[in-house]
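Got your viewer open? Load the model and keep the selection box handy. We'll go stop by stop.

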Amino acid sequence: MLVLESKLVGHPTQFALIDQAIRAFQFVRNKALRYWIDTKGATKYDLNKQCALLAAEFAWAKKLNSMARQSAAERAWMAISRFFDNCKKAASGKKGYPRFQKDNRSVEYKTTGWKLSDDRKHLSLRDGFGIGSLKLLGSRNLNFYHLKQIKRVRLVRRADGYYAQFCIDIDRTEDLAPTGRTIGLDMGLESFYTDSNGEKVENPRYLRKSDVALRRAQRRMSRKKKGGANRAKARKVLARKHLKVSRQRKDFAIKTARALVWSNDLIALEDLKVRNMLRTHHLAKSISDASWSMFRGWVEYFGKVFGRVVIAVSPQYTSQACSVCHAMVKKSLSTRTHTCQCGCVLDRDHNAALNILAKALKTTGGHPESNAWGEWTATAMEQSSAASSFAEPRIPCLLRTLRYRQVECQRIKNSWVPEIDAQHAHAN
Ligand SMILES: [Zn+2]
């Protein structure tokens, strides 16, 4: 799936109608969830049937295109099935019981309810809300794709206007010549990452730079009277500043990830639990600023597009073990240099990156038959035992075969995911 986005140009009354559609979409989603909570054993199919009943009962729900209503019910089902999955995994912590949505910002159409003009520069919405025709702004050309490839169209409200996203059913793959290089990454705070060649990519720290401006805007807003018009204005200013930061982050993540995947056959990184790390409060700001998880999402995505191998290994002992002799060298967070008895003196992060690469190569070497990305991750995580699990960094000739295999990646199957993350991160 490929998502193309264009900004919408229209009359304010049209945008007010889009708001109504978004509200109706949220209403249907929440009603479907209510039905699931009240009805024991309700299935996805029951939820879909519920949509027609809602339309008969509520006039504004009827205004919404019937397939859009269906996708609202599907969204409710997504939340429910995620909850079920978490329960099945039996992991500790919260399971994410589905909640009613209050701040929905988008409405999703499938294959009906909308039409593109012949030159594909205008989008008209044809359901009961009467939104009409809107101009599409943006550099992405929809003429390259067949209309039948457009599976979904969603309208999204952001701090700086309204956007249309076209979800195009296309498997984006590009053939690249093998480079013969492998790389391990250690994600850090001092620098964005350090690779196994000892190179460092600096952390952009956009948020820190915009911090003063953000704080000022935040302060201005909180001084205004609650519920007043001035507060609403100040809130808009703040939302735009947040939107800018989230766009800068996304841009940095995409460019860095692309360059990295382009120039390496195998990329090994740590399977970090960012959520756990955010609990370490004094580090929280830098960690979320660095936005590692988004970066990892894009590395995996480009890995799939360019047919490269991306492996996430358990982060245990990667910074403590020596990359040469595998002895454990205890060090605190503030110790920046790795000094081992064997005579190895390396930058702390460089040493960790070498360990991460070694771990990843070991998993591919040990399991030549696994061809799914998910399996590799699983095996890499199982091998969380201490330094004994480190093998000599060898580059198996396997890699040549691996390169041509279709790399399955659960998270990227539906490539909306990074888009949604970015959009929900700080859009308001
Ligand atoms: Zn050593």
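Two strands count as paired here if DSSP finds at least two bridges between them. With that in mind, select strand 1 and strand 5: they pair in the antiparallel sense over three bridges. Click on Val9 and look across to strand 5, where its bridge partner is Lys135. Bear in mind throughout that this is a predicted model.

Before going further, zoom out for the whole protein. You should see 13 helices and 14 strands. The protein has 428 residues, and 33% of them count as buried. Take the contacts between residues at least 6 apart in sequence: 70% of these join residues at least 24 apart.

**The sheet**

Back to strand 1, residues 2–9, and this time add strand 7, residues 161–168. These two run antiparallel, joined by six bridges. For landmarks, Leu2 stands opposite Ile168 of strand 7, and Lys7 has Tyr163 in strand 7 as its bridge partner.

Now, in what order do the strands of this open sheet come? Colour them and read across: 2-6-7-1-5-4-3, seven strands with antiparallel pairing. At the edges you'll find strand 2 (106–109) and strand 3 (114–116), each of which pairs on one side only. Look along the sheet for its twist, which averages 30° from one strand to the next.

**Helix 1 over the sheet**

Show helix 1, residues 12–38. Helix 1 lies across strand 2, strand 5, strand 6 (150–158) and strand 7. Against strand 2, helix 1 runs at about 80°.

**Helix 1 against helix 4**

Keep helix 1 on and add helix 4, residues 66–89. Their axes are 8 Å apart, and the helices pack at an angle of about 50°, which means helix 1 is oblique to helix 4. The crossing of this pair is right-handed.

Which residues of helix 1 meet helix 4? Show side chains for Phe25, Val28, Arg29, Ala32, Leu33 and Trp36. Across from them, in helix 4, pick Ala68, Arg69, Ala72, Ala73, Arg75, Ala76 and Ile80. Colour this contact of helix 1 with helix 4 by class and you get 10 nonpolar residues, three charged ones and no polar ones.

**Helix 2 against helix 4**

Hide helix 1 and bring up helix 2, residues 44–57. The axes of helix 2 and helix 4 come within 9 Å and cross at roughly 140°. Is helix 2 oblique or antiparallel to helix 4? Oblique, because only angles over 145 degrees count as roughly antiparallel. The crossing of helix 2 and helix 4 is right-handed.

On the helix 2 side, select Lys44, Leu47, Asn48, Gln50, Cys51 and Ala55. Their counterparts in helix 4 are Arg69, Gln70, Ala73, Ala76 and Trp77. By class, the contact of helix 2 with helix 4 comes to six nonpolar, three polar and two charged residues.

**Last stop: Gly128**

Jump to Gly128, in the loop between strand 4 (122–125) and strand 5 (132–137). Leaving aside residues up to four places away in sequence, Gly128 touches Lys62, Lys63 and Leu64. Draw a distance from the C-alpha of Gly128 to that of Ala21 and you should get 9.1 Å, although these residues are 107 apart along the chain. Is Gly128 buried or partly exposed? Gly128 has 18 C-beta neighbours inside 10 Å, so Gly128 counts as partly exposed; a buried residue would need 20 or more.

Key: Residues numbered from 1 in each chain as written. Axes fitted to C-alpha atoms, helices over the stretch in contact; angles between N-to-C directions. Helix = DSSP H or I, 4+ residues; strand = E, 2+ residues; numbered from the N terminus. Parallel < 35°, antiparallel > 145°, perpendicular 65-115°, else oblique. Left-handed = near helix turned anticlockwise from the far one by under 90°. Contact = placed C-beta atoms within 7 Å. Nonpolar A, V, L, I, M, F, W, Y, C, P; charged D, E, K, R; others polar. Buried ≥ 20, exposed ≤ 12 C-beta atoms within 10 Å, placed from the backbone.
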